[in-house]
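Me: I've got this one open and want to go through it bit by bit. Can you help me find my way around?

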Amino acid sequence: MSERPWYESFAPPPTARPPRAWLDSDAPRLSLDGLWRFRYAERADGPLDFTGPAFDDEGWDRLPVPSHWQLHGYGAPAYTNITYPFPLDPPHVPDENPTGDYRHAFRLPDGWPGGPAVLRFAGADSAARVWLNGVELGRTTGSRLATEFDATGALRPDGDNVVAVRVVQWSAGSYVEDQDMWWLSGIFRSVDLLARPEGGIGDVEVSAGYDHRTGAGTLTVRADTPARVRVPELGVDAATGETVRLPLVEPWSAERPRLYDATVGTGTETVTLRIGFRTVRIDGGVLTVNGRPVLFRGVNRHEFHPDRGRAVTEEDMLDDVRLMKQHNVNAVRTSHYPPHPRFLELCDEYGLYVVDECDLETHGYGEVRWRGNPADDPRWEAALVDRMRRTVERDKNHPSVVLWSLGNESGSGRNLAAMARWARHRDPSRPLLYERDWTCRDVDVYSRMYLTVAEVEAIGRGEEAPLPDPALDARRRGMPFVHVEYAHAMGNGPGGLAEYQRLYETYPRLQGGFVWEWIDHGLRARTPDGREYFAYGGDFGEVLHDGNFVADGLLFPDRTPSPGLLDLKKVYEPVRIDATGDGGLTVRNGHLDSGLSHLDFQWTLEDDGEVVARGALEVGDVPPGQSVRVGLPALPATGGEAHLTVRAVLAADEPWAKAGHEVAATQVPVRAARPPQPPPAPVAVRRDGGLVRLGPGVLDGRTGRLVRLGGWDVDGPRLQVWRAPTDNDRAPHGQALEPLWRAAGLDRLTHRLRDVTVGGDGVVVRVRVAPASSDGGLLATYSWSAPAGDRLRLVVDVDVDGDLPGPLPMLGVRFALPGDLDEVEWFGRGPGEAYPDTGLATRVGRWFRTVADLQTPYLFPQENGRRAGVRWASVTGGQGGGVRVDGRSPFGLTVRPWTAEALDRAAHPTDLAPDGRTWLTLDAGHNGIGSASCGPGVLPPYLLPAAPARLDLELRVL
Ligand code: GAL
């Protein structure tokens, strides 16, 4: 029998030092990050010849530490959501086990003290074996958890030191790290050598509570060595272990992240801390921070960068934090592992509530009906408790961390109970959460994912379906609720954000939620001819993969905000400005503990989209949770359709945005559009051979199609029902519409001209549009007239003929225009895209975009770029001139350099090339977007029924 490999052990290795807080110490630290020597192998049983200092690694490659080797040309990234890419045979892993051997030589800097030293790995995926100067220090497990080794005996104070590491891609730990993300390996966080002075500080634990009734703070700092605790600003100079009562402190909250600089010192080492006073408590079934009910306006964040994977830099983390703050996000769930420790420091400093999640997921056991789930197998208990312990010990001092999460999607079982027991005992100051065990037996907060609006409302009312066990049911019914994942931001969408937010803001038990997820995990790649795109599952030849399900974020991989993030910002507004309907506004302060003095309120009046007046609005300071009524400013007279836009902007620079940054806004219609003029006597039709001339248009008398408009070649209208299915239409984990639509033949409609009737002052064209093998279809009637010599009116009437199941993808008409018409100006909602249940951030105005910029580059091409509520639009070219469309009532507008069918066929944006025409689509409606890519579909009011519809348009030549 062969010996079991070192990385196939249920239990955590005993070799690491006990976990402790991530501390900022004045003891010398040597970063070992940089280019290391690297040797890649397909198996883990290669010779251990490389561990000693004398080994000649000249022939090896070089690989940056931190990094993932798959992103530097070794092996390949692989993406699976739920399934394990290896057989379920724990603790064993396949012999094909990609392995990286690393070597790094370093010298200690001058002045490095002799004595104890620690070698620290902040993250190695998935397990590593570590040698220093040929002496084995130990092994790491827990990819996203820190491991420290005692390096004292092996370190050479003078001369060269060589650290050698073998990292394996697959280990026993991989069974409990089945998160929905790329499988990426290597030393992906920093490696440091830390001097550990004699009499220094090993661990520090800060308890800093806040009593909201008195404003007093209580501070106790414990350390494993007696030391002095100093908080100069508060005059604190105390011994460790001593509890100091401070009559008046400023509390920490995400809105006002007040931190006090502190030191903990012995004679030989000083540790610097940033202390935030805050108390988290569940009070009467409500989760409170500093005595106030907290509302999480949250996102789930994976660590990700399109070139670096999870080896994120400080700049990447700062980008995330700033972008979150700029988009009104106040909370992060660190799905599904503890983040880089610097991220939590940034959350403390910039102000974000954190649900810190343990590095644990066993979702793929669901594929075998949870047989052998590590969460319930005693052989795994020590490893799971070790992971929880390392999470809590590392991150315990962060005021931003308000909840611990035991992990994600690991079924239920006794090891979760053991983790919870350990965490409760160690840190009674923070409640626990774990989504998957719906009995909530081990936790304090009820949390679920992807519930429908109706289910969330039932929970809000305390009317959720009971648990079979009455005691557990009663306990759970008394818990606050957090929607730990909702609104799956995959591709176009998510739709329906506002409906959830309304509930969170209505029911005290509902304490908000965390949108899934922050960023698309697309990896930057290039086509053979050098064009850049973002790769997803399957692009690396994986046998098992989950395609573009990895691209489900509010940010594109390069951190450009998607339309979904702009909607979320609107929905998460901490200040609500609403028209009261009687000529005033209410301003509601939805902050937890700040007034509104940090905001300026500004208004602009637009007449037909042109700004005609602007000013400031006096709102005054409004206490948290309160509203005020504000009168509208005196507005000058307007002649057209007028809108008042009121914006709340930062009055002064904040660390995360400049003064003037918009936090909240609303738009109030103040004057309706002028009623359309009764059409003048129509211009007569002129026949010209096979052509019919009508105002500025020329129709083909045989086909009834418009072929010219002024000097422009045109082809249309053609009834358009199909849209390139969105990820939410495709709905891999929800109720999919796409298969129903394809089964109904909506993607292969045929058109049959019934007749063309040329009258004296108009032309009527009737077309039947229907799929093969069905007797149901649509009847389109195009009625043309020319109300003036320079205008052409088109009324499109659509009727349902026979049986055609709804909802339809969309209903509109499209025209092909010359490709050199490549710029669009419109008066309507903008500037971003909008569908019936998205586009919450858009407002009515006059907007301009090039056709290229109207396209939203979702990683998997799909319906996108529609502008809603359009009153008129002009499509023009750089050379001047173009076409203008006015609607009798607002219409939907989509302008593309390719067709919806081409969009449907593409797998990556780089598959799409302009086909030489500009495709102008004008719609009477679209189906909503919903969130069925993972979760509920489109809500009933946003469905597009198969029902009669009309578009009333006027075309003009510019
Ligand atoms: C959840 C899971 C996430 C992610 C999401 C879908 O079930 O917790 O990790 O997979 O679904 O994108």
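Me: Let's jump in at Thr645. Which residue is its bridge partner in β42?
Reply: That's Gln667. Keep in mind that this is a predicted model.

Me: OK. And how many bridges join β41 and β42?
Reply: There are 8 bridges between β41 (residues 642-650) and β42, and the pairing is antiparallel.

Me: What's the strand order in the sheet they belong to?
Reply: The order is β39-β38-β41-β42, an open sheet of 4 strands with antiparallel pairing. β39 (610-617) and β42 (662-671) each have a single partner strand, so they stand at the edges with one side lacking a neighbour in the sheet. On average, neighbouring strands here are turned by 20° against each other, ignoring direction.

Me: Now the 3-strand sheet. What's the order there?
Reply: It goes β16-β17-β20, open and antiparallel. The edge positions belong to β16 (204-211) and β20 (243-246), each with a single partner strand, so each has one side without a neighbour in the sheet. The average turn between neighbouring strands in this sheet is 15°, direction ignored.

Me: Which residue does Tyr210 stand opposite in β17?
Reply: Tyr210 faces Gly217 there. β16 and β17 (residues 216-223) run antiparallel and are joined by 8 bridges.

Me: Zooming out, how is the chain divided into domains?
Reply: Domain 1 covers 24-195, domain 2 covers 204-281, domain 3 covers 286-569, domain 4 covers 573-671 and domain 5 covers 686-957.

Me: How many residues do domain 4 and domain 5 each put into their contact?
Reply: Domain 4 gives 11 residues and domain 5 gives 6 residues. The centres of those two domains are 35 Å apart, taken over C-alpha atoms.

Me: Switching to Glu464: buried or exposed?
Reply: Buried, because its relative accessibility is 7%, and the cut-off for buried is under 20%. Glu464 sits in the loop between α5 (453-460) and α6 (470-477).

Me: What does the Glu464 side chain make a polar contact with?
Reply: The side chain of Arg509, at 3.0 Å. Leaving out residues up to four places away in sequence, Glu464 touches Arg509 along with Tyr446, Ala458, Ile459, Arg476 and Arg477.

Me: And α7, which of its residues are buried?
Reply: In α7 (residues 497-506), Leu497, Glu499, Tyr500, Gln501, Leu503 and Tyr504 are buried. The elements covering them include α5, α8 (563-571), β26 (296-300), β32 (481-488), β33 (510-516) and β36 (575-579).

Me: Which residues touch the most other members in the largest nonpolar core?
Reply: Phe296, Tyr353, Val515, Leu568 and Phe601, out of 137 residues in that core. Helix α4 (residues 414-426) supplies the largest share, 6 residues. Apart from that core lies another of 55 residues, including Ala744, Val763, Val769 and Leu794.

Me: What does Phe296 touch?
Reply: Not counting residues up to four places away in sequence, its contacts include Leu287, Tyr353, Val402, Leu403, Val482 and Phe514. Asn330 and Gln511 are among them too.

Me: Last one, Gly695. Where does it lie?
Reply: Gly695 is in the loop between β44 (691-694) and β45 (697-700). It counts as partly exposed because its relative accessibility is 26%, which falls in between the 20% and 50% cut-offs.

Me: What's Gly695 in contact with, aside from neighbours within four places in sequence?
Reply: Val683, Ala786, Ala788, Gly789 and Arg791. As for Leu709, it is 14 residues from Gly695 in sequence and 9.0 Å from it in space, C-alpha to C-alpha.

Terms used: Residues numbered from 1 in each chain as written. Predicted model: local features only at pLDDT ≥ 70, side-chain atom pairs only at ≥ 80, totals over all residues. Heavy atoms only, no water. Helix = DSSP H or I, 4+ residues; strand = E, 2+ residues; numbered from the N terminus. Buried < 20%, exposed > 50% of the residue type's maximum accessible area, 1.4 Å probe, protein only. Polar contact = N/O pair within 3.5 Å; in protein donor to acceptor, adjacent residues only side chain to side chain. Contact = heavy atoms within 4.5 Å. Pairing = 2+ DSSP bridges. Axes fitted to C-alpha atoms, helices over the stretch in contact; angles between N-to-C directions. Core = buried A, V, L, I, M, F, W, Y, C linked by side-chain atoms within 4.5 Å. Domains from an automatic or database assignment.
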